[in-house]
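Let's take a walk through this structure together, going from the whole chain down to single side chains. Keep the 3D view open and turn it as we go.

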Amino acid sequence: MAIRKKSTKSPPVLSHEFVLQNHADIVSCVAMVFLLGLMFEITAKASIIFVTLQYNVTLPATEEQATESASLYYYGIKDLATVFFYMLVAIIIHAVIQEYMLDKINRRMHFSKTKHSKFNESGQLSAFYLFACVWGTFILISENYISDPTILWRAYPHNLMTDLVQWWDCHREMGKAVVEELFKGAQILYGMITQRFQMKFFYISQLAYWLHAFPELYFQKTKKEDIPRQLVYIGLYLFHIAGAYLLNLNHLGLVLLVLHYFVEFLFHISRLFYFSNEKYQKGFSLWAVLFVFGRLLTLILSVLTVGFGLARAENQKLDFSTGNFNVLAVRIAVLASICITQAFMMWKFINFQLRRWREHSAFQAPAVKKKPTVTKGRSSKKGTV
């Protein structure tokens with residue numbers, strides 16, 4: 001990101017510089033349009049598609065749990081509207097962090113243009129990785145992933161919406177007392193209201209954040225030589241997050257994201273400390289160890305879940321209505337994409353470590369200067385004997 005210089009002369013309205021300086025205010029106005037639309041009956045139905053999560057069914061509470069109800073979600077085309085709205089929110093939050101935190105630090109530290117750009121990138125990503133990692137860890141703990149890892153592949157697809165709709169259609173003609181008795185036999189559903197909502201909202205937020213990174217390339221004046229690199233890793237994030245969301249591999253995707261985000265958070269926070277003090281290198285050493293461990297653990301969990309857990313499941317039939325994609329071709333494609341991505345990341349990691357090692361060796365090696373040798377004794381005279 002280039003350093004913005006304050007000018008007393010305001011740029012023309014809707015000009016290039018005007019959009020760059022005021023893009024957060026413009027996006028805030030667009031987001032307010034959707035929020036104001038909720039206040040009027042005519043526009044509320046359209047606005048609610050953008051603001052709230054769609055495709056949910058709320059199960060009524062029983063007499064014992066009169067204050068609670070169970071809500072389960074699945075995905076659909078309306079999720080694109082929700083992702084768009086929260087992409088606007090991500091742009092606003094990005095601008096707030098940039099203006100009220102990172103820009104103030106930059107003015108104090110007086111970084112060069114190269115360090116200024118990298119500092120902003122690490123500052124934004126470290127804040128996002130920390131938030132997403134804490135949020136994802138909360139979901140993992142609340143759904144007992146640690147105590148029962150078989151949740152990663154058990155009862156796939158992890159989308160009970162279709163089964164509940166079919167169950168309700170079969171039993172809604174029964175008496176109220178009979179229906180409540182059946183609900184008592186499914187108490188586990190009532191503990192899923194928060195987790196199911198949090199799971200879908202987590203994925204919607206992830207997609208919104210990484211989609212917002214595309215316009216940020218323009219808003220932050222990213223250098224042309226840095227754009228291909230950023231497009232690659234943004235595309236990889238969107239590909240894998242959307243794949244886990246659409247294939248109903250929500251549990252596996254959540255675990256892998258939390259693991260990856262923690263390692264990436266450590267890297268970017270170490271880089272922030274390095275910019276403040278170039279002697280700080282311990283964080284990078286710890287990150288290097290955890291990076292390799294994270295890649296290994298990612299492969300183990302992926303093979304265990306997709307290669308063994310889903311491969312041994314009874315229901316191995318492609319069914320779009322129930323969201324079941326547990327077939328051999330899909331499993332091979334999922335494992336292949338994960339393995340190729342991990343290999344690509346390891347290749348980039350090895351090149352990065354080799355480059356750092358060469359730079360460190362060149363900096364530490366003392367400059368050996370050749371001194372002229374002085375011979376002791378009498379100098380020989382040339383001549384005939």
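Of the 385 residues of the chain, 40% count as buried. Please keep in mind throughout that this is a predicted model. The accessible surface of the chain amounts to about 23700 Å², and carbon and sulfur atoms account for 67% of that area. If you look at contacts between residues at least 6 apart in sequence, 74% of them join residues at least 24 apart.

What is the chain built from? Its secondary structure consists of eleven helices and two strands. Reading from the N terminus, the order of elements is α-α-β-β-α-α-α-α-α-α-α-α-α, which you can follow by tracing the backbone from its start.

A good place to begin is helix α1, which spans residues 16–37. Here you can find part of a nonpolar surface patch of about 660 Å², formed by Met32, Leu35, Leu36, Leu38, Met39, Phe40 and Ile48. Helix α1 supplies the largest share of this patch, with three residues. One of the patch residues, Met32, sits in helix α1. Met32 has a relative accessible area of 41%, so it is classed as partly exposed: that value falls between the 20% limit for buried residues and the 50% limit for exposed ones.

Helix α1 also takes part in a charged contact. Glu17 makes a salt bridge with Lys221, with 3.6 Å between the closest N and O atoms. Glu17 belongs to helix α1, while Lys221 is in the loop between α7 (193–219) and α8 (227–246), so the pair links distant parts of the chain, 204 residues apart. How accessible are the two partners? Glu17 counts as partly exposed because its relative accessibility is 30%, and Lys221 is partly exposed as well, at 33%.

That bridge is one of five salt bridges found in a search of the whole structure. Another brings together the side chains of Glu121 and Arg271, at 3.6 Å from N to O. Glu121 is part of helix α4 (residues 113–142) and Arg271 is part of helix α9 (residues 250–276), so this pair ties together parts of the chain that are 150 residues apart in sequence. Are Glu121 and Arg271 buried or exposed? Both are buried.

Asp148 and Arg154 form a further salt bridge, and here the closest N and O atoms are 2.7 Å apart. Asp148 has a relative accessibility of 23% and therefore counts as partly exposed; Arg154, at 42%, is partly exposed too. Salt bridges with shared partners also create a network, which joins Glu121, Arg229 and Arg271.

Stay with helix α4 for a moment, since Asn120 is located there as well. Asn120 is buried, with a relative accessible area of 4%. Its side chain meets that of Asn106 in a polar contact of 2.9 Å.

Now let's turn to the aromatic residues. The whole structure contains 39 aromatic pairs. Among them is the pair of Phe128 and Tyr129, whose ring centres are 5.7 Å apart and whose planes meet at 50°, a tilted arrangement. Phe128 counts as buried because its relative accessible area is 9%, and Tyr129 is buried too, at 1%.

Finally, the backbone deserves a look. Most residues other than glycine have a negative phi, so positive values invite a closer check. Which residues should you inspect here? One is Tyr55, which is not a glycine and yet has a positive phi of about 60°. Tyr55 is found in the loop between α2 (41–51) and β1 (56–59). With a relative accessible area of 19%, Tyr55 counts as buried, because the limit for that class is under 20%.

His110 is another residue other than glycine with a positive phi, in this case near 55°. His110 is in the loop between α3 (79–109) and α4. Is His110 buried or exposed? His110 is exposed, with a relative accessible area of 68%.

Definitions and conventions
Residues numbered from 1 in each chain as written. Predicted model: local features only at pLDDT ≥ 70, side-chain atom pairs only at ≥ 80, totals over all residues. Heavy atoms only, no water. Patch = residues over 30% accessible without salt bridge, like charges linked within 9 Å, V, L, I, M, F, W, Y side chains within 5 Å. Areas by Shrake-Rupley, 256 points an atom, 1.4 Å probe, with all protein chains shown as cover. Salt bridge = Lys/Arg side-chain N within 4 Å of Asp/Glu carboxyl O. Helix = DSSP H or I, 4+ residues; strand = E, 2+ residues; numbered from the N terminus. Buried < 20%, exposed > 50% of the residue type's maximum accessible area, 1.4 Å probe, protein only. Polar contact = N/O pair within 3.5 Å; in protein donor to acceptor, adjacent residues only side chain to side chain. Contact = heavy atoms within 4.5 Å. Phe/Tyr/Trp six-rings, centres within 6.5 Å; stacked < 30°, edge-to-face > 60°.
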